[in-house]
Amino acid sequence: MEFFDTIAAIATPPGNGGIAIIRISGEDAVDYAEKLVFPLSGKSLSALESHKLTLSKVKSAGGRLIDEVMAVVMRAPKSYTGEDVVEIDCHGGNTAARLIMDELINIGVRFAKPGEFTRRAFINGKTDLTEAEAVMDIIDAKSRLGVYNAADSLCGRLSAKIKALRGRVLSLAARLSAAADFPDEIDEIEDREFEDKIAEINSEVEKLILSFEKGRAIKDGITTVIAGKPNVGKSSLLNALSGSERAIVTDIPGTTRDTVEEYVNIGGLALKISDTAGIRESNDVVEKIGIERARNSIKEADLVLFVLDSSVGLTEEDFEIAKLLTDKNCIVILNKQDKAAAVTADIIENQLGISRDNILPLALPENGKKTGLKELEKTIAGRFAAENIDGSEIYISSRRHRDCLVRAKAAMDSLTAGLCANMPKDLLYIDLEDAAQSLGEITGETVQEEIVNQVFEKFCVGK
């Protein structure tokens with residue numbers, strides 16, 4: 001267990017609220033806090049029972065009352081950081097917490113850097129890197145499934161899986177090494193057994209790699225673009241999905257000149273939906289910029305909702321947009337079904353070359369019954385298999401984790417190639433060592449200081 005200088009930070013976001021939390025951690029955390037915090041029980045802070053909230057007063061170094069608070073001492077090693085920790089729950093708002101922080105800084109406590117509390121927890125063995133990263137994933141989660149997946153990692157499911165795989169790799173490496181060092185005492189592992197064990201490990205590593213795309217969608221949300229020519233109902237669709245008047249809706253073509261973004265939860269997944277400028281030929285300088293941004297957004301999207309006005313025949317703009325959707329995950333929305341139809345699913349399939357499986361009818365009148373919205377939401381959830389995410393599988397959502405797994409698989413593939421070439425098994429030891437190194441980087445068992453810095457610099461202050 002390592003002990004560091006004493007740090008402090010406000011662990012709750014700024015703004016009005018019932019409570020603000022100041023976190024203090026370090027070897028002298030209790031000594032520093034005791035100079036400002038006075039329990040109403042009459043005991044000193046250092047005499048309080050660990051992990052028990054106590055009504056207290058906070059006073060400045062000059063004796064001026066600042067606030068009445070709840071204070072708790074959490075003694076090492078049973079704390080978040082593994083050090084002595086004091087937390088002060090004062091009244092919310094910007095001023096009271098800031099005044100208490102100012103007093104702590106004035107008496108010698110250092111202001112914590114982003115992620116410094118969790119970094120200390122990692123150094124002191126209270127958490128590993130996957131669990132530490134899960135803390136920020138929960139904070140940043142945009143959806144229910146995002147929280148669930150991050151919580152699984154926080155509770156150690158991913159870590160346990162990676163450590164088990166690494167343990168199997170190290171066991172094989174140890175057996176090879178022992179057989180090479182003591183050939184008269186330890187039998188060399190049989191080729192078939194060795195190949196089977198490598199294949200099993202490689203299969204599980206590959207499964208984790210393949211889970212990344214779904215894990216990324218769970219974590220970051222699905223980048224979704226609403227595309228179409230002007231005045232087909234794109235903004236009405238955004239408003240209907242978000243349940244708010246997020247975008248301006250008028251009968252005037254070209255109202256949306258820039259991208260309007262909104263997060264929407266569908267089937268437990270977050271959709272980062274962009275309502276883009278209507279794509280058409282335009283001489284308006286500002287609108288032309290918006291149209292170019294719309295084209296770029298379509299290229300980058302995970303999902304495109306291509307909106308057509310079913311009461312108006314297909315135009316050149318519709319054909320141009322359809323060309324942008326080649327090899328894209330798209331749903332064609334036949335909007336304005338409450339009017340006489342000029343475009344049908346057959347016409348779209350025959351003229352735009354888009355399968356009717358990707359076509360949905362919709363009606364979003366300003367005054368009247370909206371139809372087709374639930375079917376659209378169900379289709380989107382089905383596209384990303386949201387209904388199949390039940391917590392039984394592990395999904396990686398970090399590119400860092402994926403890169404480590406890819407390197408581990410490359411090492412295992414190299415080992416397999418060596419076996420096929422009948423290389424001596426003791427020469428294959430380095431591939432096992434490389435695989436173990438890459439897997440260890442995920443949890444932090446073999447990670448370099450530079451990577452640790454990169455992980456924790458993304459954290460917010462107070463965490």
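1. Ala71 stands opposite Ile88 in strand E6, and this is a convenient place to enter the predicted model. The two strands involved in this part of the chain, E5 (residues 65–74) and E6 (residues 85–91), pair in the antiparallel sense over five bridges. Helix H3 (residues 116–123) packs on the sheet, where it touches strand E1 (7–10), strand E2 (19–25) and strand E7, and the direction of H3 makes about 135 degrees with that of E1.

2. The sheet to which E5 and E6 belong is open and consists of seven strands, which follow one another in the order E3-E4-E5-E6-E2-E1-E7 with mixed pairing. Its edges are formed by strand E3 (37–39) and strand E7 (110–111), each of which pairs on one side only.

3. The loop between E5 and E6 contains Pro77, and the peptide bond that leads from Ala76 to Pro77 is cis, with omega near 0 degrees. A second point of backbone geometry concerns Asp327, which has a positive phi of about 65 degrees although it is not a glycine; Asp327 lies in the loop between helix H11 (316–324) and strand E12. For orientation, most residues other than glycine have a negative phi, and most peptide bonds are trans.

4. Strand E12 (residues 330–335), which follows the loop holding Asp327, pairs with strand E13 in the parallel sense over three bridges. Within this pairing, Val332 has Ile359 of E13 as its bridge partner.

5. Both E12 and E13 are part of another open sheet, this one of six strands, in which the order is E9-E10-E8-E11-E12-E13 and the pairing is again mixed. Strand E9 (260–266) and strand E13 (359–361) are the edge strands, since each pairs on one side only. On average, and with direction ignored, neighbouring strands of this sheet are turned by 25 degrees against each other.

6. Returning to H3, which also packs on the seven-stranded sheet, one finds that its axis and that of helix H16 (residues 449–456) come within 10 Å and cross at roughly 140 degrees. H3 and H16 are therefore oblique to each other, and the crossing in which H3 passes H16 is right-handed. Thr118, Arg119 and Phe122 of H3 make the contact with Glu449, Val452, Asn453 and Phe456 of H16. By class, the residues of this contact divide into three nonpolar, two polar and two charged.

7. Helix H7 (residues 191–210) and helix H14 (residues 399–420) pack at an angle of about 155 degrees, and their axes lie 10 Å apart. H7 is therefore roughly antiparallel to H14, and the crossing of the two helices is left-handed. On the side of H7 the contact involves Phe194, Glu195, Ile198, Ile201, Asn202, Val205, Glu206, Leu208 and Ile209, and these meet Arg402, Leu405, Val406, Lys409, Met412, Asp413, Leu415, Thr416 and Leu419 in H14. Sorted by class, the contact of H7 with H14 has eleven nonpolar, two polar and five charged residues.

8. The axes of helix H9 (residues 234–242) and helix H13 (residues 373–383) come within 11 Å and cross at roughly 80 degrees, which means that H9 is roughly perpendicular to H13. In this contact Leu237, Ala240 and Leu241 of H9 meet Leu373, Leu376 and Glu377 of H13. The residues concerned comprise five nonpolar, no polar and one charged.

9. As to confidence, the protein chain averages a pLDDT of 86, and 90% of the residues score at least 70. Over residues 246–258, however, the pLDDT is below 50, and beyond near neighbours in sequence this stretch has 38 contacts in the model.

Conventions. Residues are numbered from 1 along each chain as its sequence is written. This is a predicted model: local features need pLDDT of at least 70, side-chain atom pairs count only at pLDDT 80 or more; totals for chains, interfaces and linings use all residues. Side-chain values use heavy atoms; hydrogens and water are left out. Axes are lines fitted to C-alpha atoms, for helices over the stretch in contact, and angles run from 0 to 180 degrees between N-to-C directions. Helices (H or I, at least four residues) and strands (E, at least two) are DSSP runs, numbered from the N terminus. Angles under 35 degrees count as roughly parallel, over 145 as roughly antiparallel, 65 to 115 as roughly perpendicular and the rest as oblique. A crossing is left-handed if the near helix is turned anticlockwise from the far one by less than a right angle, and right-handed if clockwise. Contact means heavy atoms within 4.5 Å. Ala, Val, Leu, Ile, Met, Phe, Trp, Tyr, Cys and Pro count as nonpolar, Asp, Glu, Lys and Arg as charged, and the others, Gly among them, as polar. pLDDT is the predictor's confidence in each residue, from 0 to 100. Two strands pair if DSSP finds at least two bridges between them.
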